[in-house]
Amino acid sequence: MQVFFLASASFWFDQTVNGLTSGSIYALLALGYTMVYGVLQLINFAHGEVFMLGSFAGYFVMVGFGGDEIAGPMIAVSIFCAIIVAMAASSAAAVAIERIAYRPVRNAPRLTALISAIGVSIFLQFLVLDMTSAKAKFYPAIFPEGSVGVSDYQVSYIQLFLIGASIVMMLFLYVVVQRTSTGRAIRAVAEDKDNAALLGVNVNRTIVIVFILGAAMAAVGGVLWGLFFRGVRGTMGFLPGIKAFTAAVLGGIGSIPGAVAGGYFLGLAETVGREMLTRLPGVEFGNEWRDVIAFSLLVLVLLFRPTGIFGERTYRRA
Amino acid sequence: MVPSLNGRQIYTMERLGGILLFNSQRARWLWLIASLAIVAMLAIACGDDDDDDDTDGGNGDGGSFETVTVGDGAPIKIGISTILAGDLESLGVPIAQAAELAGEGVEIEGHAIEFIRRDDQCTPEGGASAASQLIEEGVVAVVGPICSGGVIAAQDLYEAAGITHVSPSSTAIAATAPDRGTPYGTFFRVTYNDGIQGPAQAEFALNELKVTNAYIVYDTDAYGSGLRDAFGDAFEDGGGTISGKEGYEKKETNFQSIVTNIQGSDAELVYFAGFYAEATPFLQQLRQVDKDILFLSGDGVRDDEFLAGAGADAEGAYLSLPSPVLQGAVYDDFASRFQAATGEAASDSPFTAEAFDAATVIIKALMEVAEADGGELKIDLGALNEAIANTKIDGAVGAISFDEKGDNSGGETPVTLFVVKDGEFVAYE
C-alpha cells in the first residue's frame, strides 16, 4: 500500500523523535517497576494506575487554572503546578497501595503479592472509570506550538519539553539513588533487606520512599502524556504500564540504567521498527502492530538474553 | 494457609511465585510461553474485524423460531442493545430513550411493552454479550445493536435464538453484505448502508474540495473498515490517489506515527473513518504539525462531543451525515414527544428517529402476530420475523420497507455535508 517506499531522511528523523517521545514515558514508568522490583522482588502491576491517577490529577489542575483559557506566563505556572500536584497525588496513592495491599503480604509467598497487585490495578481502573462515567477527558491545548531545528529536521516544542523533562527527572533520580544517604539506604535494602535492617536502616521507611520516587516519576510521565496526547481515561494506564514493564525486563529488571535504556529502546522499536517492517515488500503492518512488535521483543529478549540488555542485574537478591 | 492444602501444593505455589519473578532457571521458559500467549492474544485482538472473519457464516438454517408465551398481566419484553456509558454515551442513550417512546402507552391484548436496556459498548464483545443477556431475559425482539461491530458479532447469536433484531444505527456495508455468507434472516436496519456514504464523500472531496490525493485513517472495526473501502474505491474510481491507509484500535490516543506518515505523503486531505472519541486526539495531534491539510469524516464524528473536545482544532473539519429528510407528521409528533420526555431536541443526536422507527416496526409486527390465549399471549417468533420483513410503514424517517438483505429500501437518504465554523456544524454550501 505504501507508495513512498523509500521515505526521506527527515521522515525517519520525525519517527525517531516520535519513538523517543513514547520511549521517555516508558522509561519514566519503567523506573518505578524496576526500583520496586529491586527492593521487594515484586512486580507492581498497579504502577500503570499510579501513572493514570497522576495524569488525572494534572488534568484537574489544568481545568482549575481555566482549561483552554490559560495563556501567557500562566501556561508555565499551570504546567508546573500540575506536575507538583500529580506527583503528590500519585505518591499518596502509591504509599496507600503499599500500606494496604503489599505490606500485609510482604512475607507471604510472592504470588500472593502479585495477585494483590493485579487486584489493586483492576480496582483503581474501574474506580476511575466509574467516577468519570468511562469518558475520556482532554487536556487543554495550551502548550505553545512551533518547533526548533534545521531545515526539515524539526522537533516540536512539546516533544522537546517532554523528552527534556523526562531526562531531568531521571537525572534527579540518579542523584538521589547514588549521591544521598537515602539512596544508600535504598541500595542497601535492595542488596539485602535483613542485613540492612541489622545495620540500622529503617527498611519500611526505605520501601515507602522507593514507592514515592517511582510514583513521582510516573506522575510526571502522566502529565507529559496528557499534555502531548491529550486524552486521559481510567484505563489509560494499562497498556503503558505493561509496555513499561516490558521495557524494564528488556533493560534487565532491577537495573535503573537498564529501565531507562529499555524504555527508549522499546519506544524506538515500536515506532521506527514498525515503519521499517511495513516497508518490506509484501508486508502491511498497520499502526495497531506496534503492540505486537513491543511484546514480540519481550519474547526474543527472554529467549536469548533473559537477564535483559544490560546483562547482569545490578540489584541482586541475597 | 488453606487447611485442606497439603504441603506439596503450597510448595508448588511458592515455586510458581518464584518462577513468575524470574528467580529460576525455568523462568525463561515460563515467560516465553506466557509471552507467546500474550502475543497470540494481541494478534487476535488486532486482527481485522472486517468481513473475512465470518467465513463459517452461520445463517438462516441454524436458527429455529420458538413461540413465546407471555403470562397473564405480564409485559411483552423488547430488548435494546446500545451503548449506555462511556465515550459514546451521548450517542447511545438518546437512542434508547427514543425507542422507548414508541412503546409508551401501547397495549397489545392488555399486555404492556417493557423495554430492557443492555449496554453493548459499541464493540463486538459487547454486542455478543448484550445479545446473550437479552436472549436470556426472554425478549421477543431487539432494537439494536448500536454499532456495526456489535451487529456482526451478535448476528449469529440472535439468528440461532430466532430473535429478530432491528438496528437503528448500524451502517457498515458488511452487516448486510451477501459475501458474509448471509443475509441473516433475523437482521434488519432502519438506517442507511454506508454504501451510500463513502461514494458521496469521495465525490465531495474530488469535485467540491478539488483534492486528488487522500490519506485514510480508519477504525479497524466493521464500520471503519467498511467506510475505508467504500470511500477509497470511489475516490480512486473518480481519478484520485490514496497515498496511504492506516488503521487504529478503539481507545487509541497515540497517533504520532500516523501523523508523521501523513506529513511524509502528498495527501491534501485526511479521510477519517471512525468515531469522535478517537477523532478528537487524532485531529489535535495532526493540527500540532499541519494546520492546512483538510479533514473529512462521517457520521461517527459528527457529534457535539467532538466540537467540545477538539475545540479550535475542529475548525474547518468537513463531516458528512447521511440523513433522511426529517419532516412530516410522524417525525414532528415524535420530535415533540422526545423533547417533552427528555428535554432535548431529537435532532441533537443522530439516529433518534431511526430508533423510534425500529421500535415501531417491531411493535406494529407484534400487533399483527400476537394471539391472545386466555389471559396469556402467544407470540410466534417466526411469524414476527415474517411480519417485520414485510413491514410497510411511514415512519419518522420516511417510508420504511426492507429488501431481501434487510436494508431499508423505503425512502431516499441524501448525504448532507457540514463544515465546522465557529464551533458549530454548518451545512456546506
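## A walk through chains A and B

In chain A, the hairpin of β2(A) and β3(A) has two residues between its strands, and S151(A) takes a positive phi near 40° there. Keep in mind as you look that this is a predicted model. The two strands of the hairpin, β2 (residues 147-150) and β3 (residues 153-156) of chain A, run antiparallel and are joined by four bridges. If you want to trace one of these pairings, start at S147(A), whose bridge partner in β3(A) is S156(A).

Staying with chain A, turn to its surface. F65(A), M74(A) and V77(A) form a nonpolar patch there, and together they have about 220 Å² of accessible area. One of these residues, M74(A), belongs to helix α3 (residues 73-102) of chain A. With a relative accessible area of 39%, M74(A) is partly exposed, and this puts it above the 30% that a patch residue must exceed.

Now for chain B, which has 13 helices and 18 strands. Of its 429 residues, 56% count as buried. Chain B exposes about 16,500 Å², with carbon and sulfur atoms supplying 49% of that area. Among the contacts in chain B with a separation of 6 or more, 70% come from residues 24 or more positions apart.

A good place to enter chain B is its open sheet of six strands, which has mixed pairing and the order β3-β4-β2-β5-β6-β7. β3 (107-108) and β7 (187-189) of chain B stand at the edges with a single partner strand each, so one side of each has no neighbour in the sheet. Further in, β2 (residues 76-82) and β4 (residues 111-119) of chain B pair in the parallel sense over seven bridges. Within that pairing, I80(B) has R117(B) as its bridge partner in β4(B). Two helices pack on the sheet, and they can be followed one after the other. Helix α3 (residues 89-103) of chain B touches β2, β4 and β5 (141-143) of chain B, and its direction makes about 170° with that of β4(B). Helix α4 (residues 124-137) of chain B also touches β2, β4 and β5 of chain B, with its direction at about 150° to that of β4(B).

The loops that follow these strands deserve a look too. Past β7, D194(B) lies in the loop that leads to α6 (197-208) of chain B. Is D194(B) buried or exposed? Its relative accessible area is 0%, so D194(B) is buried. Leaving aside neighbours within four places in sequence, D194(B) is in contact with T171(B), A172(B), I173(B), P199(B), Y223(B), L227(B) and A230(B). A174(B) is 20 residues from D194(B) in sequence, and their C-alpha atoms are 9.2 Å apart in space.

Some backbone details round off the tour. Most residues other than glycine have a negative phi, and most peptide bonds are trans. Against that background, the peptide bond from G144(B) to P145(B) is cis, with omega near -5°; P145(B) sits in the loop between β5 and α5 (148-161) of chain B. E109(B), in the loop between β3 and β4 of chain B, is not a glycine yet has a positive phi of about 50°. E109(B) counts as exposed, at 53% relative accessibility. D422(B) likewise is not a glycine and has a positive phi of about 50°. This residue, D422(B), is placed in the loop between β17 (415-421) and β18 (424-427) of chain B, and at 68% relative accessibility D422(B) counts as exposed.

Terms used: Residues are numbered from 1 along each chain as its sequence is written. Chains are lettered from A and ligands numbered from 1 in the order in which they are written. This is a predicted model: local features need pLDDT of at least 70, side-chain atom pairs count only at pLDDT 80 or more; totals for chains, interfaces and linings use all residues. Side-chain values use heavy atoms; hydrogens and water are left out. Two strands pair if DSSP finds at least two bridges between them. Contact means heavy atoms within 4.5 Å. Axes are lines fitted to C-alpha atoms, for helices over the stretch in contact, and angles run from 0 to 180 degrees between N-to-C directions. Patches are made of residues with over 30% relative accessible area and no salt bridge: like charges are joined within 9 Å, nonpolar side chains (Val, Leu, Ile, Met, Phe, Trp, Tyr) within 5 Å. Accessible areas come from the Shrake-Rupley method with a 1.4 Å probe; for residues, only the protein chains shown count as cover. A salt bridge is a side-chain nitrogen of Lys or Arg within 4 Å of a carboxyl oxygen of Asp or Glu. Buried means under 20% relative accessible area, exposed over 50%, partly exposed in between (1.4 Å probe, protein chains only).
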